[in-house]
Amino acid sequence: MNKRSGLVLLLTSLCFTWGCSFFSMRPAKTQLEVREMQTRAYATSNTKMIMKAMLNVLQDESYAVKQADLDLGLLSATKETDLGGGWNLLFSDKSKNRRRQKTSIIECTANVSEYGKESRVRVTFIKKILDNKGDVMRIEQVSDPNFYQSFFSKVDKGIFIQKE
């Protein structure tokens, strides 16, 4: 085998490997799967207690509560994190004109509803990345099931503590 055919074989195998890994990526979650991840049912109709537990968890996690309406079962909060220092500055151009990630804002919206003898909670988290000039670089829904599972686990503990 000469160099040329070896190179063609190598490039073909790389393209095939890359192509297979590209097309085997996990498909996006359906809306039903997303809603299931964001929703939890509790065996109590005491929505006030659930909202209080959620408020405590959000405050423990450094969220600033923006709105809480018990009648509507609506809760909203935000958490802002400065990304401007450390590694971000080390690997970016020091020029003030260069656009770089500066701030991460996570927005939480929760809805607590009574369904007969139980309550249902649906919570969504949206992450915004702002640049050093305050412009939005990207917005994405938090879609990590572990993130939601961790949040609901903390709410479960908060409800347990309030019942005691």
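**Close-up views of a predicted model**

**View A. Tyr148 and its aromatic surroundings.** Tyr148 is buried, since its relative accessible area is 0%, and this value, like every other in these legends, is computed from a predicted model. The neighbouring residue in the view, Phe147, has a relative accessible area of 29% and is therefore partly exposed, because that class lies between the 20% limit for buried residues and the 50% limit for exposed ones. Across the whole structure, a search finds six aromatic pairs. In the pair formed by Phe147 and Tyr148, the ring centres are 6.0 Å apart and the planes stand at 80 degrees, so the arrangement is edge-to-face. Through ring pairs, Phe147 and Tyr148 belong to a cluster that also takes in Tyr63, Phe125, Phe151 and Phe152.

**View B. The largest nonpolar core.** This core has 27 residues, and those that touch the most other members are Met54, Leu58, Val123, Phe125, Phe151 and Val155. Two or more residues come from each of the helices α2 (31-38), α3 (47-60) and α5 (145-163), and likewise from each of the strands β3 (74-82), β4 (101-115) and β5 (118-131). The element that gives the most to the core is α3, with eight residues. As general background, nonpolar side chains in soluble globular proteins tend to be buried together. Phe151 shows how the parts of the core meet: leaving out residues up to four places away in sequence, Phe151 touches Met54, Val57, Leu58, Val123 and Phe125.

**View C. Val123 in strand β5.** Val123 has its place in strand β5 and is buried, with a relative accessible area of 0%. When residues within four places in sequence are set aside, Val123 is in contact with Gln38, Cys108, Thr109, Ala110, Tyr148, Phe151 and Phe152, and the last three of these, Tyr148, Phe151 and Phe152, also appear in the aromatic cluster of View A. Val112 stands eleven residues from Val123 in sequence, and the two C-alpha atoms are 8.6 Å apart in space.

**View D. The two faces of helix α2.** Val34, Met37 and Gln38 are the buried residues of α2. Looking down the helix axis, these buried residues fall within an arc of 95 degrees, so they line one face of α2. Such a pattern can be read with the geometry of an α-helix in mind, which has 3.6 residues a turn, so residues three or four places apart point the same way. Leu32 and Glu36, on the other side of α2, are exposed. The cover over the buried residues of α2 includes the strands β1 (39-42), β5 and β6 (136-141) together with the helix α5.

**View E. Strand β5 and the strands that pair with it.** Strand β1 runs antiparallel to β5, and four bridges join the two; within this pairing, Arg40 has Val121 of β5 as its bridge partner. The pairing of β4 with β5 is also antiparallel and extends over 14 bridges. Strands β5 and β6 pair over five bridges, again in the antiparallel sense, and here Ile126 has Gln141 of β6 as its bridge partner.

**View F. The hairpins at the two ends of the β5 pairings.** Two residues separate the strands in the hairpin of β4 and β5, where Gly116 takes a positive phi near 65 degrees. Tyr115 has Glu118 of β5 as its bridge partner, and Arg120 lies over the face of Tyr115, at 4.4 Å from the ring centre. The hairpin of β5 and β6 has four residues between its strands, and in this hairpin Gly134 takes a positive phi near 90 degrees.

**View G. Leu74 and Ser76 in strand β3.** Leu74 is placed in strand β3, as is Ser76. With a relative accessibility of 26%, Leu74 counts as partly exposed, whereas Ser76, with a relative accessible area of 16%, is buried, because burial requires a value under 20%. Apart from residues up to four places away in sequence, Leu74 touches Met51, Gln67, Ala68, Asp69, Thr109 and Ala110. On the same terms, Ser76 touches Ala64, Val65, Lys66, Gln67, Cys108 and Thr109. Although Leu74 and Thr109 are 35 residues apart in sequence, their C-alpha atoms are 7.4 Å apart in space.

Key
Residues numbered from 1 in each chain as written. Predicted model: local features only at pLDDT ≥ 70, side-chain atom pairs only at ≥ 80, totals over all residues. Heavy atoms only, no water. Core = buried A, V, L, I, M, F, W, Y, C linked by side-chain atoms within 4.5 Å. Buried < 20%, exposed > 50% of the residue type's maximum accessible area, 1.4 Å probe, protein only. Contact = heavy atoms within 4.5 Å. Phe/Tyr/Trp six-rings, centres within 6.5 Å; stacked < 30°, edge-to-face > 60°. Lys NZ or Arg CZ within 6 Å of the ring centre and 35° of its normal. Arc of directions from axis to C-beta. Pairing = 2+ DSSP bridges.
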